[in-house]
Amino acid sequence: MFEASEIEKLIAQGMPCEHVQIFGDDGVHFTGIVVSSAFEGTPRVRQHQAVYATLGRLMGNEIHALQLQTYTPAQWAELRKELGE
C-alpha cells in the first residue's frame, strides 16, 4: 500500500514539476494534479504517460489507478485565476 505523499515524491523526482498534488486514502487508488513545463506542446495522453513513467512498475501493480489532471504552468495559472485563488 502506498501513501499519496510517496507518489508525489516519486513524480517530483522523476520529472520537472511546478506543482504536484496527489490524493487517495485507500493505498491503491489515487487522483492527482501535475503541473510541468515539460507538458508544453504535448498531447494529454503523452503528458499522462510521462507521469506514469516516473512511477515505473508500480503502476498497475502496487498503484492500481492514478487519475490525472495535467497542466502546463500557463494553463495552471489560468485555472487558478478562474477559481479566484
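**Asking why: rings, a helix and a sheet**

Me: Y71 and W76 are both buried in this predicted model. What does a residue need to be called buried?

Reply: Its relative accessible area has to be under 20%. Y71 and W76 both carry that label.

Me: How many aromatic pairs does a search of the whole structure find?

Reply: It finds one. The pair is made by Y71 and W76, whose ring centres are 5.6 Å apart.

Me: Why is the pair of Y71 and W76 called tilted?

Reply: Ring centres must lie within 6.5 Å to pair, and planes under 30 degrees apart would be stacked, over 60 edge-to-face. The planes of Y71 and W76 are at 45°, which is neither, so the pair is tilted.

Me: Let's move to F30. Why does F30 count as buried?

Reply: F30 has 3% relative accessibility, and the cut-off is under 20%, so F30 counts as buried. You can find F30 in strand β2, residues 29–35.

Me: Which residues are in contact with F30, leaving aside its neighbours within four places in sequence?

Reply: Among them are F2, I7, I22, I63 and A65. Take A65: it is 35 residues from F30 in sequence, yet their C-alpha atoms are 6.0 Å apart in space.

Me: Now helix α2. How do you know what span to expect for α2?

Reply: The expected span is 1.5 Å times one less than the number of residues. For the twelve residues of α2 (44–55) this gives 16 Å, and the helix reaches 17 Å from its first C-alpha to its last, close to that value.

Me: Which residues of α2 are buried, and what puts them on the same side?

Reply: They are Q47, H48, V51, T54 and L55. They cover an arc of only 115° around the axis, so they sit on the same side of α2. What covers them includes α1, β2 and β3. The face turned away from that buried side carries the exposed residues V45 and A53.

Me: Last topic, the sheet. Which strands are at its edges?

Reply: Three strands form an open sheet in the order β1-β2-β3, with mixed pairing. β1 and β3 are the edge strands, as each pairs on one side only.

Me: What makes β1 and β2 count as paired?

Reply: Two strands pair if there are at least two bridges between them. β1 and β2 have five, in the antiparallel sense, so they count as paired. Within these strands, Q21 stands opposite I33 in β2.

Note on methods
Residues are numbered from 1 along each chain as its sequence is written. This is a predicted model: local features need pLDDT of at least 70, side-chain atom pairs count only at pLDDT 80 or more; totals for chains, interfaces and linings use all residues. Side-chain values use heavy atoms; hydrogens and water are left out. Rings of Phe, Tyr and Trp (its six-membered ring) pair if their centres lie within 6.5 Å; planes under 30 degrees apart count as stacked, over 60 as edge-to-face and the rest as tilted. Buried means under 20% relative accessible area, exposed over 50%, partly exposed in between (1.4 Å probe, protein chains only). Helices (H or I, at least four residues) and strands (E, at least two) are DSSP runs, numbered from the N terminus. Contact means heavy atoms within 4.5 Å. The arc is that of the directions from the helix axis to the C-beta atoms.
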